[in-house]
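Biologist: Could you take me through one small piece of this model, and then show me what lies around it?

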Amino acid sequence: MHLPAILETQLLWADEPAAQATAEKLAAALLPSPNALIELHGPLGAGKTTFTRLLLRALGVEGRIKSPSYAVMESYELPGSAGGGVASHFDFYRFGDPREWEDAGFREVFAAPGLKLCEWPEKAAGQLPPADLQLFIELMPDDSRRVRAVGAAHLIQGLK
Ligand SMILES: Nc1ncnc2c1ncn2[C@@H]1O[C@H](COP(=O)(O)OP(=O)(O)OP(=O)(O)O)[C@@H](O)[C@H]1O
Ligand SMILES: [Mg+2]
């Protein structure tokens with residue numbers, strides 16, 4: 001019997017350290033050379049930027065990691081220990097005009113290897129290639145986060 005290519009799992013983040021533990025597992029699953037499109041779904045304040053920061057830190061990115069809300073994209077060089085490639089963090093919340101996709105050079109970014117982390121991917125749904133991993137973050141009344149992860153088997157298995 002073959003394993004299905006797409007798997008799904010549920011996670012519970014009681015707090016940020018719990019999200020950090022997931023980020024560290026995901027970083028390990030992405031090595032030796034992170035090359036994936038990860039979509040972060042969830043309402044305002046769900047923790048999409050926070051998780052992105054935790055993942056980039058887990059991959060060894062140092063220095064300021066800011067929310068890309070106004071610039072739409074922020075790129076980082078990964079250290080040699082994480083393959084030395086590029087990680088690009090997108091926030092498509094204010095993305096509207098599909099021409100911007102071409103003008104901003106996003107087509108080239110998504111065609112090239114590297115790690116892509118996308119907040120509000122639904123706002124660029126017509127442009128984005130298929131994701132390797134989708135995280136659906138649900139904010140609970142007690143401030144914990146319930147997360148459904150859907151994606152490539154090796155990444156989902158790495159999260160468990
Ligand atoms: N896993 C977590 N556990 C507890 N609190 C969290 C967690 N993740 C984020 N937070 C808190 O929620 C706040 C909002 O998080 P964040 O900015 O990451 O949300 P977001 O999903 O990126 O929102 P937006 O859609 O506005 O970009 C943070 O300031 C942080 O204090
Ligand atoms: Mg954000």
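Where does Pro 32 lie?

Modeller: Happy to. This is a predicted model, in which local features need pLDDT of at least 70 and side-chain atom pairs count only at pLDDT 80 or more, while totals for chains, interfaces and linings use all residues. Residues are numbered from 1 along each chain as its sequence is written, and chains are lettered from A and ligands numbered from 1 in the order in which they are written.

Pro 32 lies in the loop between H1 and S2. Helices (H or I, at least four residues) and strands (E, at least two) are DSSP runs, numbered from the N terminus. The peptide bond leading from Leu 31 into Pro 32 is cis, with omega near 10 degrees. For background, most peptide bonds are trans, and most residues other than glycine have a negative phi.

Let's look at the two elements on either side of that loop. Helix H1 covers 16-30, and strand S2 covers 36-41. Both take part in the largest nonpolar core, a set of buried Ala, Val, Leu, Ile, Met, Phe, Trp, Tyr and Cys residues joined through C-beta atoms within 7 Å. "Buried" here means 20 or more other C-beta atoms within 10 Å of a residue's own, "exposed" means 12 or fewer, and "partly exposed" is in between, with C-beta atoms placed from the backbone. This core has 32 residues, and Leu 55 and Leu 117 touch the most other members. H1, S2, H2, S4, S5, S6, S7 and helix H5 (153-159) each supply at least two residues of it. The largest share, five residues, comes from H1.

Leu 117 also leads back to S2. Residues up to four places away in sequence aside, Leu 117 touches Ile 38, Leu 40, Thr 52, Leu 55, Ala 87, His 89 and Phe 90; a contact needs C-beta atoms, placed from the backbone, within 7 Å.

H1 has a second role in the picture, beside ligand 1. Around this ligand there are 15 residues, and the closest are Ala 19, Gly 47, Lys 48, Thr 49 and Thr 50. A residue is near the ligand if its C-beta atom, placed from the backbone, lies within 6 Å of it. H1 and helix H2 (48-58) each bring at least two residues to this shell, and H2 gives the most, three. By type, the shell holds four nonpolar, five polar and six charged residues. In that count Ala, Val, Leu, Ile, Met, Phe, Trp, Tyr, Cys and Pro are nonpolar, Asp, Glu, Lys and Arg are charged, and the others, Gly among them, are polar.

H2 has buried residues too: Lys 48, Phe 51, Thr 52, Arg 53, Leu 54, Leu 55 and Leu 56. Their cover includes H1, S2, S3 (73-77), S4 (86-91), S5 (115-119) and S6. After H2 comes Gly 60, with a positive phi near 100 degrees.

Next, the strand pairing; two strands pair if DSSP finds at least two bridges between them. S1 (residues 6-13) runs antiparallel to S7 (residues 145-152) over eight bridges, with Trp 13 partnered by Arg 145. S6 (residues 133-139) is also antiparallel to S7, over seven bridges, and there Glu 138 has Arg 146 as its bridge partner.

Pro 32 is not the end of the backbone curiosities. S6 and S7 form a hairpin with five residues between them, and Asp 143 in the turn has a positive phi of about 80 degrees. Asp 143 counts as exposed because it has 10 C-beta neighbours inside 10 Å. Trp 120, which is not a glycine, has a positive phi of about 55 degrees and sits in the loop between S5 and S6. Trp 120 has 20 C-beta neighbours inside 10 Å, so it counts as buried.

Ala 124 lies in the loop between S5 and S6, and its contacts beyond four places in sequence are Phe 92 and Phe 95. The C-alpha atoms of Ala 124 and Phe 95 are 7.0 Å apart, with their positions 29 residues apart along the chain.

Stepping back, the protein chain has five helices and seven strands, and 31% of its 160 residues count as buried.

Technical notes:
Two residues are in contact if their C-beta atoms, placed from the backbone, lie within 7 Å.
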